[in-house]
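Here are a few short exercises to work through with the model open. Try each one yourself before you read the solution.

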Amino acid sequence: MNPVNYLYLAALLFTIGASGVLIRRNAIVVFMCIELMLNACNLSLVAFSRMHGNLDGQIVAFFTMVVAAAEVVVGLAIIVSLFRSRHSASVDDASLMKL
C-alpha cells in the first residue's frame, strides 16, 4: 500500500477530530477528539518515517503515545472532578470552576 494513502487517512482523522473539538460541548467527546488528532499525527509520523526508510518518526510516535497515556490519566481526573462538582460534563461549565 502506498504511504500517501496513510497520509490521506491521517488528514481525514485529524479533520474529524478538529471538527469534533470545535463543534461538541461534552468534555469527554472533546477529549476523545483530541486523542483522535494525536493518533492522526502519529500515523503521519510513521508514514513519513516509512517513506524515508528510517525509524525516527516511529520513535517519536512511540514517545507521543506515552505522553498521550499520561494525558488521559490527568484529563479523565479533571473530567471526573468536574462531573462530581457540577453534575455535568459540559465544557461550558468548566469555566465555573475558577476561583
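**Exercise 1: Around L55**

L55 sits in the loop between helix 2 (27-52) and helix 3, where helices are DSSP runs of H or I with at least four residues, strands are runs of E with at least two, and numbering starts from the N terminus. A word on the ground rules: this is a predicted model, where local features need pLDDT of at least 70, side-chain atom pairs count only at pLDDT 80 or more, and totals for chains, interfaces and linings use all residues. Residues are numbered from 1 along each chain as its sequence is written, and side-chain values use heavy atoms, with hydrogens and water left out.

Task: work out whether L55 is buried or exposed, and which surface patch L55 belongs to.

Solution.
- Step 1. Take the cut-offs: buried is under 20% relative accessible area, exposed is over 50%, and partly exposed is in between (1.4 Å probe, protein chains only).
- Step 2. L55 has 54% relative accessibility, so it counts as exposed.
- Step 3. Look for nonpolar company: L55 joins I59, F62, F63, M65 and V66 in a surface patch with about 610 Å² of accessible area together. Patch members have over 30% relative accessible area and no salt bridge, with nonpolar side chains (Val, Leu, Ile, Met, Phe, Trp, Tyr) joined within 5 Å and like charges within 9 Å. A salt bridge is a Lys or Arg side-chain nitrogen within 4 Å of an Asp or Glu carboxyl oxygen.
- Step 4. Check M65, from helix 3 (residues 56-86): M65 is partly exposed because its relative accessibility is 45%.

**Exercise 2: S49 across the loop**

Task: find how S49 is classed and which residues S49 contacts beyond its neighbours within four places in sequence.

Solution.
- Step 1. S49 belongs to helix 2.
- Step 2. Its relative accessibility is 3%, so S49 is buried.
- Step 3. With those neighbours set aside, S49 touches N54, L55, D56, G57 and Q58, a contact being heavy atoms within 4.5 Å.

**Exercise 3: Cysteines and annotated spans**

Task: how many disulfides are there, and what secondary structure fills residues 6-23?

Solution.
- Step 1. Pair cysteine sulfur atoms within 2.5 Å; the count is zero disulfides.
- Step 2. C33 is buried at 11% relative accessible area, whereas C41 is partly exposed at 35%.
- Step 3. The unreviewed UniProt entry annotates residues 6-23, 28-48 and 60-83 as "transmembrane region"; such annotations may be inferred rather than shown by experiment.
- Step 4. Residues 6-23 are 100% helix, with end C-alpha atoms 26 Å apart. Residues 60-83 are also 100% helix, with 34 Å between their end C-alpha atoms.

Terms used: Areas by Shrake-Rupley, 256 points an atom, 1.4 Å probe, with all protein chains shown as cover.
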